[in-house]
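Here are a few exercises to work through with the model open in your viewer. Try each task before you read its solution.

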Amino acid sequence: MLAYYQNNEFSTTMGRPYHSPDGQYTCLFDGELVNARILRSKLEKAGFYVSTTRLEELILALYRFSNDSFVEILRGKFAFLIFDHQSKQLIVGRDRYGIRPLYYQRVANGIGFASQVTDFELAGTSLSDALNEQLLYHYFSFGYLPEAETYLKHIQHVPAGCLAKYDDSQGLRVVPFADLLVIEGTKQQLVDEQQFHHVIIEGIQARISMDQMLGVFYTGQLHELVIATTAKLAGSDIKLFTAEFGKKHVVSDELAQHLIRRHINANDYWQGAIEGIKAIGMPLADPWMPVDYLLAELASKHVDVMFSTAGAGMLFETKKTFLKQLAFQPHPFLFSEKEKIALLQFQGESWETIVAPYLKQIDDLDAIAKGQTMNLNIGLKGNHLLKTEKIMAFHDLETRFPFLDDRILNVASFLTKSEKRSMSLMKQTFAEQVAKFQPSKRKHHHDVPLSSWIRHELYDSIKETFEQRIVTEFFDQELLSTMLKQHGKGLRDFSKQIWTITTFILWLKEVVKSN
(Lines give C-alpha, C1' and ligand atoms only; values in the text may rest on other atoms or scores of the structure.)
Protein backbone atom coordinates (compact mmCIF):
# COMPACT_ATOMS: atom_id res chain seq x y z
CA MET A 1 0.00 0.00 0.00
CA LEU A 2 1.36 3.43 -0.96
CA ALA A 3 -0.87 6.47 -1.32
CA TYR A 4 -0.46 10.24 -1.24
CA TYR A 5 -2.87 13.10 -0.73
CA GLN A 6 -0.89 16.11 -1.89
CA ASN A 7 -1.82 19.45 -3.44
CA ASN A 8 -5.49 18.47 -3.12
CA GLU A 9 -4.94 15.37 -5.29
CA PHE A 10 -5.14 11.70 -4.25
CA SER A 11 -2.87 9.13 -5.91
CA THR A 12 -1.77 5.55 -5.29
CA THR A 13 1.04 3.61 -6.95
CA MET A 14 1.01 0.36 -4.95
CA GLY A 15 -1.77 -2.06 -4.08
CA ARG A 16 -5.06 -2.75 -5.85
CA PRO A 17 -7.35 0.22 -5.20
CA TYR A 18 -11.09 -0.36 -5.29
CA HIS A 19 -13.25 2.47 -6.61
CA SER A 20 -16.91 2.64 -5.61
CA PRO A 21 -19.33 2.52 -8.59
CA ASP A 22 -20.44 6.12 -7.93
CA GLY A 23 -16.81 7.30 -8.00
CA GLN A 24 -17.02 8.89 -4.56
CA TYR A 25 -14.64 6.57 -2.70
CA THR A 26 -11.34 4.79 -3.24
CA CYS A 27 -10.29 2.05 -0.83
CA LEU A 28 -7.07 0.11 -0.22
CA PHE A 29 -7.00 -2.87 2.14
CA ASP A 30 -4.15 -5.03 3.41
CA GLY A 31 -4.88 -8.07 5.56
CA GLU A 32 -7.71 -10.48 6.21
CA LEU A 33 -10.97 -10.55 8.17
CA VAL A 34 -12.04 -13.65 10.06
CA ASN A 35 -15.67 -12.46 10.14
CA ALA A 36 -15.95 -11.21 6.53
CA ARG A 37 -18.73 -13.66 5.62
CA ILE A 38 -20.79 -12.73 8.68
CA LEU A 39 -20.36 -9.02 7.99
CA ARG A 40 -21.48 -9.43 4.37
CA SER A 41 -24.58 -11.28 5.53
CA LYS A 42 -25.48 -8.56 8.04
CA LEU A 43 -25.03 -5.84 5.43
CA GLU A 44 -27.26 -7.63 2.94
CA LYS A 45 -29.97 -8.01 5.58
CA ALA A 46 -29.72 -4.24 6.12
CA GLY A 47 -30.07 -3.60 2.39
CA PHE A 48 -26.40 -3.09 1.50
CA TYR A 49 -25.55 -5.65 -1.18
CA VAL A 50 -21.85 -6.49 -1.59
CA SER A 51 -21.37 -7.76 -5.14
CA THR A 52 -17.77 -9.03 -5.01
CA THR A 53 -15.57 -10.91 -2.56
CA ARG A 54 -13.10 -8.04 -2.39
CA LEU A 55 -12.58 -6.86 1.16
CA GLU A 56 -12.22 -3.28 -0.08
CA GLU A 57 -15.86 -3.30 -1.22
CA LEU A 58 -16.91 -4.75 2.14
CA ILE A 59 -14.97 -2.07 4.04
CA LEU A 60 -16.60 0.71 2.01
CA ALA A 61 -20.07 -0.77 2.51
CA LEU A 62 -19.49 -0.96 6.28
CA TYR A 63 -18.19 2.60 6.32
CA ARG A 64 -21.20 3.93 4.43
CA PHE A 65 -23.53 1.96 6.69
CA SER A 66 -22.09 2.92 10.10
CA ASN A 67 -19.41 5.55 9.49
CA ASP A 68 -16.27 5.28 11.65
CA SER A 69 -17.75 2.83 14.17
CA PHE A 70 -17.55 -0.09 11.71
CA VAL A 71 -13.88 -0.61 12.57
CA GLU A 72 -14.82 -1.83 16.06
CA ILE A 73 -16.49 -4.96 14.67
CA LEU A 74 -13.68 -6.02 12.33
CA ARG A 75 -12.11 -9.28 13.49
CA GLY A 76 -8.70 -10.04 12.05
CA LYS A 77 -5.54 -8.25 10.98
CA PHE A 78 -5.76 -5.23 8.74
CA ALA A 79 -4.59 -1.85 7.54
CA PHE A 80 -6.94 0.11 5.29
CA LEU A 81 -7.26 3.48 3.61
CA ILE A 82 -10.44 5.20 2.45
CA PHE A 83 -10.40 8.40 0.42
CA ASP A 84 -13.59 10.42 0.02
CA HIS A 85 -13.21 12.31 -3.27
CA GLN A 86 -16.12 14.63 -2.43
CA SER A 87 -15.08 15.78 1.06
CA LYS A 88 -11.35 15.36 0.27
CA GLN A 89 -10.79 13.40 3.46
CA LEU A 90 -8.45 10.44 4.05
CA ILE A 91 -9.31 7.83 6.69
CA VAL A 92 -6.88 5.06 7.57
CA GLY A 93 -7.08 2.37 10.23
CA ARG A 94 -4.97 -0.40 11.74
CA ASP A 95 -5.97 -3.45 13.80
CA ARG A 96 -5.65 -3.20 17.57
CA TYR A 97 -2.77 -5.69 17.78
CA GLY A 98 -0.72 -3.86 15.17
CA ILE A 99 -0.16 -6.98 13.06
CA ARG A 100 -0.29 -5.18 9.73
CA PRO A 101 2.19 -2.27 9.60
CA LEU A 102 1.10 1.16 8.40
CA TYR A 103 3.29 4.27 8.28
CA TYR A 104 2.82 7.90 7.37
CA GLN A 105 5.05 10.69 6.16
CA ARG A 106 4.21 14.37 6.07
CA VAL A 107 5.12 15.89 2.72
CA ALA A 108 4.80 19.36 1.23
CA ASN A 109 1.09 20.27 1.09
CA GLY A 110 -0.04 16.81 2.13
CA ILE A 111 0.63 13.37 3.57
CA GLY A 112 1.58 9.88 2.43
CA PHE A 113 0.71 6.42 3.83
CA ALA A 114 2.59 3.18 3.16
CA SER A 115 2.87 -0.43 4.31
CA GLN A 116 6.68 -0.30 4.48
CA VAL A 117 9.11 2.36 5.66
CA THR A 118 11.21 1.70 2.57
CA ASP A 119 8.28 2.68 0.30
CA PHE A 120 9.00 6.29 1.18
CA GLU A 121 11.91 8.31 -0.15
CA LEU A 122 14.33 10.25 2.06
CA ALA A 123 13.48 13.35 0.01
CA GLY A 124 17.07 14.58 -0.24
CA THR A 125 17.79 14.27 3.49
CA SER A 126 21.16 12.75 4.38
CA LEU A 127 21.05 9.49 6.29
CA SER A 128 22.79 10.92 9.35
CA ASP A 129 20.15 13.68 9.55
CA ALA A 130 17.28 11.29 8.86
CA LEU A 131 18.07 8.60 11.45
CA ASN A 132 15.97 8.75 14.62
CA GLU A 133 18.78 8.36 17.15
CA GLN A 134 16.36 8.64 20.08
CA LEU A 135 14.52 5.50 19.02
CA LEU A 136 17.73 3.70 18.03
CA TYR A 137 19.04 4.40 21.54
CA HIS A 138 16.13 2.36 22.93
CA TYR A 139 17.18 -0.56 20.73
CA PHE A 140 20.06 -1.26 23.09
CA SER A 141 17.65 -1.65 25.99
CA PHE A 142 14.92 -3.70 24.32
CA GLY A 143 16.65 -5.45 21.40
CA TYR A 144 13.99 -4.09 19.06
CA LEU A 145 12.46 -0.73 18.16
CA PRO A 146 9.42 0.14 20.31
CA GLU A 147 6.57 0.87 17.97
CA ALA A 148 5.86 4.49 18.89
CA GLU A 149 8.10 5.78 16.11
CA THR A 150 10.38 4.45 13.35
CA TYR A 151 14.13 4.59 12.80
CA LEU A 152 13.61 7.60 10.50
CA LYS A 153 12.66 10.93 12.05
CA HIS A 154 10.23 11.91 9.32
CA ILE A 155 8.25 8.64 9.21
CA GLN A 156 5.76 7.63 11.91
CA HIS A 157 3.60 4.63 12.72
CA VAL A 158 -0.15 4.86 12.64
CA PRO A 159 -0.68 3.53 16.20
CA ALA A 160 -2.29 0.11 16.53
CA GLY A 161 -6.00 0.25 17.28
CA CYS A 162 -6.37 3.75 15.87
CA LEU A 163 -8.01 5.63 13.04
CA ALA A 164 -6.08 8.48 11.45
CA LYS A 165 -7.97 11.16 9.54
CA TYR A 166 -6.50 13.80 7.30
CA ASP A 167 -7.91 16.77 5.41
CA ASP A 168 -6.53 20.17 4.44
CA SER A 169 -8.54 22.14 6.98
CA GLN A 170 -7.78 20.12 10.14
CA GLY A 171 -4.58 18.28 9.22
CA LEU A 172 -3.89 14.89 10.82
CA ARG A 173 -5.98 13.59 13.72
CA VAL A 174 -5.35 10.20 15.36
CA VAL A 175 -8.32 8.68 17.20
CA PRO A 176 -8.16 5.38 19.17
CA PHE A 177 -10.99 2.92 18.51
CA ALA A 178 -9.67 0.18 20.85
CA ASP A 179 -8.43 0.25 24.43
CA LEU A 180 -5.02 -0.79 25.70
CA LEU A 181 -4.41 -4.56 25.54
CA VAL A 182 -4.96 -5.35 29.22
CA ILE A 183 -4.83 -8.64 31.14
CA GLU A 184 -6.62 -7.82 34.39
CA GLY A 185 -6.40 -11.18 36.17
CA THR A 186 -8.66 -12.44 38.95
CA LYS A 187 -8.37 -14.28 42.26
CA GLN A 188 -11.60 -16.23 41.81
CA GLN A 189 -11.90 -19.03 39.26
CA LEU A 190 -14.31 -17.75 36.61
CA VAL A 191 -13.36 -19.72 33.48
CA ASP A 192 -14.19 -23.40 33.20
CA GLU A 193 -12.40 -25.86 30.93
CA GLN A 194 -15.31 -26.15 28.49
CA GLN A 195 -15.49 -22.39 27.96
CA PHE A 196 -11.71 -22.12 27.63
CA HIS A 197 -11.59 -25.02 25.17
CA HIS A 198 -14.37 -23.56 23.05
CA VAL A 199 -12.87 -20.09 22.67
CA ILE A 200 -9.40 -21.45 21.76
CA ILE A 201 -10.76 -23.98 19.26
CA GLU A 202 -13.07 -21.42 17.65
CA GLY A 203 -10.22 -18.92 17.31
CA ILE A 204 -8.09 -21.48 15.48
CA GLN A 205 -10.85 -22.99 13.34
CA ALA A 206 -12.04 -19.55 12.21
CA ARG A 207 -8.65 -19.11 10.55
CA ILE A 208 -8.45 -22.51 8.84
CA SER A 209 -8.99 -22.58 5.08
CA MET A 210 -9.59 -26.10 3.81
CA ASP A 211 -8.23 -25.25 0.36
CA GLN A 212 -4.86 -24.08 1.70
CA MET A 213 -1.91 -26.02 3.04
CA LEU A 214 -1.21 -25.04 6.64
CA GLY A 215 1.96 -24.98 8.72
CA VAL A 216 3.25 -24.07 12.18
CA PHE A 217 6.72 -23.81 13.69
CA TYR A 218 7.51 -26.40 16.35
CA THR A 219 9.83 -25.55 19.24
CA GLY A 220 8.39 -28.00 21.76
CA GLN A 221 5.65 -25.69 23.07
CA LEU A 222 2.16 -26.90 23.98
CA HIS A 223 0.30 -24.14 22.11
CA GLU A 224 2.02 -25.20 18.86
CA LEU A 225 0.60 -28.69 19.30
CA VAL A 226 -2.86 -27.28 20.13
CA ILE A 227 -2.90 -25.52 16.74
CA ALA A 228 -1.62 -28.61 14.91
CA THR A 229 -4.10 -31.02 16.47
CA THR A 230 -7.03 -28.62 16.09
CA ALA A 231 -6.28 -28.29 12.37
CA LYS A 232 -5.97 -32.06 12.06
CA LEU A 233 -9.28 -32.64 13.85
CA ALA A 234 -10.90 -30.13 11.49
CA GLY A 235 -9.78 -32.29 8.57
CA SER A 236 -6.96 -30.06 7.39
CA ASP A 237 -3.49 -31.30 6.61
CA ILE A 238 -0.83 -29.42 8.58
CA LYS A 239 2.95 -29.50 8.58
CA LEU A 240 5.21 -28.68 11.52
CA PHE A 241 8.63 -27.16 10.85
CA THR A 242 11.43 -27.46 13.36
CA ALA A 243 15.06 -26.38 13.62
CA GLU A 244 17.76 -28.72 14.88
CA PHE A 245 21.14 -27.41 15.98
CA GLY A 246 22.77 -30.69 16.91
CA LYS A 247 21.13 -34.00 17.68
CA LYS A 248 17.90 -34.95 15.97
CA HIS A 249 14.79 -34.29 18.07
CA VAL A 250 13.13 -37.42 19.38
CA VAL A 251 9.38 -37.09 18.78
CA SER A 252 6.30 -39.28 18.86
CA ASP A 253 5.39 -41.34 15.79
CA GLU A 254 2.24 -39.25 15.29
CA LEU A 255 4.20 -35.98 15.34
CA ALA A 256 6.92 -37.39 13.07
CA GLN A 257 4.34 -37.91 10.29
CA HIS A 258 3.78 -34.15 10.11
CA LEU A 259 7.27 -32.90 11.02
CA ILE A 260 9.73 -31.37 8.54
CA ARG A 261 13.18 -30.76 9.99
CA ARG A 262 15.96 -28.35 9.10
CA HIS A 263 19.44 -28.70 10.54
CA ILE A 264 20.97 -25.27 11.09
CA ASN A 265 24.68 -24.71 11.60
CA ALA A 266 26.50 -21.48 12.46
CA ASN A 267 27.06 -20.50 8.83
CA ASP A 268 23.36 -21.04 8.00
CA TYR A 269 22.46 -18.92 11.01
CA TRP A 270 24.74 -16.05 9.94
CA GLN A 271 23.27 -15.99 6.44
CA GLY A 272 19.77 -16.20 7.93
CA ALA A 273 20.54 -13.14 10.07
CA ILE A 274 21.70 -11.12 7.06
CA GLU A 275 18.73 -12.11 4.90
CA GLY A 276 16.26 -11.82 7.78
CA ILE A 277 17.27 -8.23 8.48
CA LYS A 278 16.75 -7.42 4.80
CA ALA A 279 13.28 -8.97 4.97
CA ILE A 280 12.26 -7.12 8.15
CA GLY A 281 13.87 -3.82 7.18
CA MET A 282 14.70 -3.02 10.80
CA PRO A 283 17.26 -4.19 13.36
CA LEU A 284 16.11 -7.04 15.60
CA ALA A 285 18.25 -8.76 18.24
CA ASP A 286 15.93 -11.73 18.80
CA PRO A 287 18.23 -14.82 18.51
CA TRP A 288 15.35 -16.73 16.91
CA MET A 289 14.96 -14.29 14.02
CA PRO A 290 17.53 -16.00 11.71
CA VAL A 291 15.98 -19.38 12.55
CA ASP A 292 12.50 -18.11 11.75
CA TYR A 293 13.78 -16.79 8.43
CA LEU A 294 15.34 -20.14 7.49
CA LEU A 295 12.26 -22.11 8.58
CA ALA A 296 9.98 -19.75 6.64
CA GLU A 297 12.16 -20.34 3.57
CA LEU A 298 11.65 -24.09 4.07
CA ALA A 299 7.93 -23.75 4.81
CA SER A 300 7.31 -21.75 1.62
CA LYS A 301 8.09 -24.90 -0.38
CA HIS A 302 5.36 -26.89 1.38
CA VAL A 303 2.50 -24.67 2.61
CA ASP A 304 0.52 -21.51 1.84
CA VAL A 305 -0.36 -20.36 5.35
CA MET A 306 1.63 -20.33 8.59
CA PHE A 307 -0.06 -20.22 11.97
CA SER A 308 1.79 -18.20 14.59
CA THR A 309 1.51 -18.76 18.34
CA ALA A 310 2.43 -15.11 19.05
CA GLY A 311 0.80 -13.92 22.25
CA ALA A 312 -0.02 -17.35 23.69
CA GLY A 313 2.68 -17.31 26.35
CA MET A 314 1.84 -13.72 27.29
CA LEU A 315 -1.86 -14.53 27.69
CA PHE A 316 -1.81 -17.90 29.45
CA GLU A 317 1.48 -18.11 31.32
CA THR A 318 3.20 -16.22 34.13
CA LYS A 319 6.89 -17.01 33.54
CA LYS A 320 9.41 -14.12 33.43
CA THR A 321 7.05 -11.22 32.95
CA PHE A 322 8.09 -7.86 31.57
CA LEU A 323 7.69 -6.32 35.00
CA LYS A 324 10.11 -8.81 36.57
CA GLN A 325 12.68 -7.71 34.02
CA LEU A 326 12.14 -4.11 35.06
CA ALA A 327 12.79 -5.06 38.69
CA PHE A 328 16.45 -5.82 37.98
CA GLN A 329 17.50 -2.19 37.93
CA PRO A 330 19.86 -0.66 36.96
CA HIS A 331 20.27 -3.44 34.39
CA PRO A 332 16.72 -4.26 33.28
CA PHE A 333 17.41 -5.26 29.70
CA LEU A 334 20.37 -5.78 27.39
CA PHE A 335 22.41 -2.75 28.41
CA SER A 336 22.07 -0.50 31.44
CA GLU A 337 21.91 3.26 30.91
CA LYS A 338 25.51 3.54 32.14
CA GLU A 339 26.65 0.87 29.69
CA LYS A 340 24.85 2.56 26.80
CA ILE A 341 26.58 5.86 27.56
CA ALA A 342 29.94 4.10 27.44
CA LEU A 343 29.12 2.07 24.34
CA LEU A 344 27.27 4.48 22.05
CA GLN A 345 28.44 7.62 20.26
CA PHE A 346 24.89 9.04 20.43
CA GLN A 347 22.55 9.58 23.35
CA GLY A 348 18.84 9.41 24.08
CA GLU A 349 16.28 9.21 26.85
CA SER A 350 16.06 6.31 29.33
CA TRP A 351 14.05 3.17 28.54
CA GLU A 352 11.62 4.40 31.21
CA THR A 353 10.17 6.93 28.75
CA ILE A 354 8.77 3.98 26.76
CA VAL A 355 7.51 2.05 29.79
CA ALA A 356 6.13 4.84 32.00
CA PRO A 357 3.04 5.82 29.92
CA TYR A 358 1.80 2.21 30.00
CA LEU A 359 2.51 1.68 33.69
CA LYS A 360 0.55 4.84 34.49
CA GLN A 361 -2.56 3.36 32.85
CA ILE A 362 -2.35 0.02 34.68
CA ASP A 363 -1.26 1.18 38.11
CA ASP A 364 -4.14 -0.66 39.83
CA LEU A 365 -3.26 -4.12 38.43
CA ASP A 366 -1.25 -6.75 40.30
CA ALA A 367 2.36 -7.46 39.30
CA ILE A 368 1.58 -10.44 37.06
CA ALA A 369 -1.23 -8.64 35.23
CA LYS A 370 1.03 -5.62 34.78
CA GLY A 371 3.81 -7.78 33.38
CA GLN A 372 1.53 -9.52 30.89
CA THR A 373 -0.02 -6.22 29.81
CA MET A 374 3.40 -4.65 29.27
CA ASN A 375 4.55 -7.64 27.25
CA LEU A 376 1.48 -7.47 25.03
CA ASN A 377 1.75 -3.75 24.36
CA ILE A 378 5.51 -3.39 23.99
CA GLY A 379 7.24 -6.72 23.37
CA LEU A 380 4.55 -8.28 21.19
CA LYS A 381 4.14 -5.31 18.84
CA GLY A 382 7.76 -4.26 18.54
CA ASN A 383 9.30 -7.71 18.32
CA HIS A 384 7.20 -10.83 17.77
CA LEU A 385 4.57 -9.53 15.35
CA LEU A 386 6.91 -7.44 13.23
CA LYS A 387 9.35 -10.34 12.90
CA THR A 388 6.75 -12.95 12.04
CA GLU A 389 4.57 -10.92 9.70
CA LYS A 390 7.41 -9.46 7.64
CA ILE A 391 9.48 -12.63 7.36
CA MET A 392 6.47 -14.67 6.26
CA ALA A 393 5.37 -12.03 3.75
CA PHE A 394 8.91 -11.98 2.33
CA HIS A 395 8.49 -15.69 1.53
CA ASP A 396 4.95 -15.19 0.14
CA LEU A 397 3.37 -16.91 3.13
CA GLU A 398 0.16 -15.70 4.73
CA THR A 399 0.39 -15.60 8.54
CA ARG A 400 -2.51 -16.12 10.92
CA PHE A 401 -2.49 -15.36 14.62
CA PRO A 402 -5.29 -17.35 16.28
CA PHE A 403 -4.40 -16.32 19.83
CA LEU A 404 -4.57 -12.60 18.97
CA ASP A 405 -8.32 -12.45 19.05
CA ASP A 406 -10.52 -10.25 21.25
CA ARG A 407 -12.57 -13.24 22.42
CA ILE A 408 -9.44 -15.06 23.58
CA LEU A 409 -8.04 -11.89 25.17
CA ASN A 410 -11.31 -11.58 27.07
CA VAL A 411 -11.08 -15.08 28.51
CA ALA A 412 -7.37 -14.73 29.31
CA SER A 413 -8.16 -11.65 31.36
CA PHE A 414 -10.23 -13.74 33.78
CA LEU A 415 -7.66 -16.44 34.51
CA THR A 416 -6.26 -16.82 38.02
CA LYS A 417 -2.55 -16.97 38.83
CA SER A 418 -2.73 -20.73 39.41
CA GLU A 419 -4.45 -21.25 36.04
CA LYS A 420 -1.63 -19.35 34.33
CA ARG A 421 1.24 -20.90 36.31
CA SER A 422 3.18 -23.15 33.91
CA MET A 423 0.26 -22.73 31.50
CA SER A 424 -1.69 -25.14 33.73
CA LEU A 425 -5.19 -24.47 32.35
CA MET A 426 -3.97 -24.92 28.77
CA LYS A 427 -2.23 -28.19 29.72
CA GLN A 428 -5.25 -29.45 31.62
CA THR A 429 -7.75 -28.52 28.91
CA PHE A 430 -5.86 -29.92 25.92
CA ALA A 431 -4.05 -32.87 27.54
CA GLU A 432 -6.18 -35.51 25.80
CA GLN A 433 -6.21 -33.72 22.44
CA VAL A 434 -2.42 -33.44 22.13
CA ALA A 435 -1.52 -36.73 23.87
CA LYS A 436 -0.50 -38.58 20.67
CA PHE A 437 1.54 -35.60 19.50
CA GLN A 438 3.40 -35.13 22.76
CA PRO A 439 7.10 -36.04 22.69
CA SER A 440 8.59 -38.55 25.12
CA LYS A 441 9.51 -37.44 28.62
CA ARG A 442 13.09 -36.95 27.49
CA LYS A 443 13.97 -33.24 27.51
CA HIS A 444 14.40 -31.65 24.09
CA HIS A 445 16.75 -28.74 23.47
CA HIS A 446 15.35 -26.11 21.13
CA ASP A 447 17.61 -23.27 22.27
CA VAL A 448 19.83 -21.50 19.75
CA PRO A 449 23.49 -22.21 20.74
CA LEU A 450 24.36 -18.57 20.17
CA SER A 451 26.90 -18.20 22.97
CA SER A 452 28.96 -21.13 21.66
CA TRP A 453 28.73 -20.01 18.04
CA ILE A 454 29.93 -16.49 18.89
CA ARG A 455 32.83 -17.97 20.84
CA HIS A 456 33.85 -20.25 17.98
CA GLU A 457 32.29 -20.45 14.48
CA LEU A 458 30.97 -16.86 14.26
CA TYR A 459 33.84 -15.17 16.05
CA ASP A 460 35.75 -14.06 12.92
CA SER A 461 32.60 -12.86 11.10
CA ILE A 462 31.56 -10.74 14.08
CA LYS A 463 35.11 -9.43 14.58
CA GLU A 464 35.18 -8.33 10.93
CA THR A 465 31.75 -6.71 11.35
CA PHE A 466 32.90 -4.77 14.42
CA GLU A 467 35.98 -3.46 12.58
CA GLN A 468 34.12 -1.79 9.71
CA ARG A 469 34.59 1.97 9.36
CA ILE A 470 30.90 2.86 9.77
CA VAL A 471 30.96 1.33 13.26
CA THR A 472 33.03 4.21 14.67
CA GLU A 473 30.15 6.63 13.96
CA PHE A 474 27.90 4.76 16.38
CA PHE A 475 30.03 2.76 18.84
CA ASP A 476 33.17 2.84 20.94
CA GLN A 477 35.06 0.37 18.75
CA GLU A 478 37.62 -0.44 21.43
CA LEU A 479 34.86 -1.43 23.85
CA LEU A 480 33.30 -3.72 21.23
CA SER A 481 36.65 -5.42 20.71
CA THR A 482 37.09 -5.94 24.47
CA MET A 483 33.61 -7.46 24.85
CA LEU A 484 34.18 -9.86 21.97
CA LYS A 485 37.61 -10.94 23.27
CA GLN A 486 36.29 -11.55 26.79
CA HIS A 487 33.43 -13.62 25.41
CA GLY A 488 35.77 -15.53 23.08
CA LYS A 489 38.04 -16.47 25.99
CA GLY A 490 35.07 -17.59 28.09
CA LEU A 491 35.63 -14.89 30.72
CA ARG A 492 32.11 -13.44 30.37
CA ASP A 493 28.94 -14.38 28.49
CA PHE A 494 28.25 -11.31 26.37
CA SER A 495 26.34 -13.25 23.72
CA LYS A 496 23.09 -11.25 23.99
CA GLN A 497 24.88 -7.91 23.97
CA ILE A 498 27.23 -8.87 21.14
CA TRP A 499 24.33 -10.15 19.03
CA THR A 500 22.36 -6.95 19.67
CA ILE A 501 25.28 -4.88 18.39
CA THR A 502 25.90 -7.24 15.47
CA THR A 503 22.32 -7.14 14.20
CA PHE A 504 22.33 -3.34 14.48
CA ILE A 505 25.47 -3.09 12.32
CA LEU A 506 24.13 -5.59 9.76
CA TRP A 507 20.94 -3.53 9.51
CA LEU A 508 22.89 -0.27 9.28
CA LYS A 509 24.88 -1.62 6.34
CA GLU A 510 21.60 -2.37 4.53
CA VAL A 511 20.29 1.14 5.21
CA VAL A 512 23.49 2.70 3.86
CA LYS A 513 23.39 0.40 0.82
CA SER A 514 19.76 1.28 0.00
CA ASN A 515 20.41 5.02 0.28
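**Exercise 1. Work out how strand β7 (residues 103-107) pairs with β9, and place the two strands in their sheet.**

Solution. Bear in mind throughout that this is a predicted model.

- Step 1: look at the pairing itself. β7 and β9 run antiparallel and are joined by 3 bridges.
- Step 2: pick out a residue pair. Tyr103 has His157 in β9 as its bridge partner.
- Step 3: zoom out to the sheet. It's an open one with 5 strands, ordered β2-β1-β8-β7-β9, and the pairing is antiparallel.
- Step 4: find the edges. β2 (9-14) and β9 (155-157) each have a single partner strand, so each has one side with no neighbour in the sheet.
- Step 5: add the twist, which averages 20 degrees from one strand to the next.

**Exercise 2. Find which residues line the largest cavity, and sort them by class.**

Solution.

- Step 1: see how many cavities there are. The structure has 3 of 30 Å³ or more, and the volume of the largest is about 80 Å³.
- Step 2: list the lining. Arg94, Gly98, Ile99, Pro101, Tyr103, Glu147, His157, Lys381, Leu385, Leu386, Glu389 and Lys390 are the residues in question. Tyr103 and His157, the bridge partners from before, are both among them.
- Step 3: sort by class. You should get 5 nonpolar, 2 polar and 5 charged residues.
- Step 4: ask which element gives the largest share. That's helix α14 (residues 367-394), with 5 residues.

Now try the second largest cavity. Its space comes to about 70 Å³. The lining is made up of Glu32, Val34, Gly76, Lys77, Tyr97, Ile99, Arg207, Arg400, Phe401 and Leu404. By class, that's 5 nonpolar, 1 polar and 4 charged residues. Ile99 turns up here as well as in the lining of the largest cavity.

**Exercise 3. Take strand β6 (residues 89-94) and decide how covered it is, face by face.**

Solution.

- Step 1: count. Of the 6 residues in β6, 6 are buried, and the cut-off for that is under 20% relative accessible area.
- Step 2: split the strand by side. Gln89, Ile91 and Gly93 are on one side, with Leu90, Val92 and Arg94 on the other, and both faces are covered.
- Step 3: check one neighbour. Strand β5 (residues 76-84) pairs with β6 in the antiparallel sense over 6 bridges, and Leu81 has Val92 as its bridge partner.
- Step 4: look at the turn. The β5 and β6 hairpin has 4 residues between its strands, and Lys88 there has a positive phi near 60 degrees.
- Step 5: check another neighbour. Strand β10 (residues 162-167) runs antiparallel to β6, with 4 bridges between them. Leu90 is opposite Tyr166 in β10.

**Exercise 4. Explain why Cys162 doesn't bond to Cys27.**

Solution.

- Step 1: search everywhere. The whole structure turns up 0 disulfides.
- Step 2: get the distance. For Cys27, the nearest cysteine sulfur is that of Cys162, and it's 18 Å away.
- Step 3: compare with the cut-off, which is within 2.5 Å. At 18 Å, the Cys162 sulfur is too far from the one in Cys27 for a bond.
- Step 4: check the surroundings. Cys27 has 0% relative accessibility and counts as buried; Cys162 is buried too, at 8%.

**Exercise 5. Give the strand order of the sheet with parallel pairing, and name the strands at its edges.**

Solution.

- Step 1: read off the order. The open sheet has 5 strands, β14-β13-β12-β15-β16.
- Step 2: go to the edges. β14 (259-263) and β16 (398-400) have a single partner strand each, so one side of each lacks a neighbour in the sheet.
- Step 3: note the twist. From one strand to the next, it averages 30 degrees.
- Step 4: look closely at one pair. Strand β13 (residues 238-244) runs parallel to β14, with 5 bridges joining them, and Glu244 is opposite His263 in β14.

**Exercise 6. Is Thr502 buried or exposed?**

Solution.

- Step 1: locate Thr502, which is in helix α21 (residues 495-514).
- Step 2: check its relative accessible area. It's 0%, so Thr502 is buried.
- Step 3: look for a partner far along the chain. Ala285 is 217 residues away in sequence, yet the C-alpha atoms of Thr502 and Ala285 are 8.3 Å apart.

Key:
Residues are numbered from 1 along each chain as its sequence is written. This is a predicted model: local features need pLDDT of at least 70, side-chain atom pairs count only at pLDDT 80 or more; totals for chains, interfaces and linings use all residues. Side-chain values use heavy atoms; hydrogens and water are left out. On a 1 Å grid over the protein atoms alone, a cavity is a set of points where a 1.4 Å probe fits but cannot get out, and a pocket is an open set with protein on both sides within 12 Å along at least five of seven lines; lining residues have an atom within 4 Å of a point. Grid points are joined across faces, edges and corners, and a volume is the space filled by probe spheres set on the points. Ala, Val, Leu, Ile, Met, Phe, Trp, Tyr, Cys and Pro count as nonpolar, Asp, Glu, Lys and Arg as charged, and the others, Gly among them, as polar. Buried means under 20% relative accessible area, exposed over 50%, partly exposed in between (1.4 Å probe, protein chains only). Two strands pair if DSSP finds at least two bridges between them. Axes are lines fitted to C-alpha atoms, for helices over the stretch in contact, and angles run from 0 to 180 degrees between N-to-C directions.
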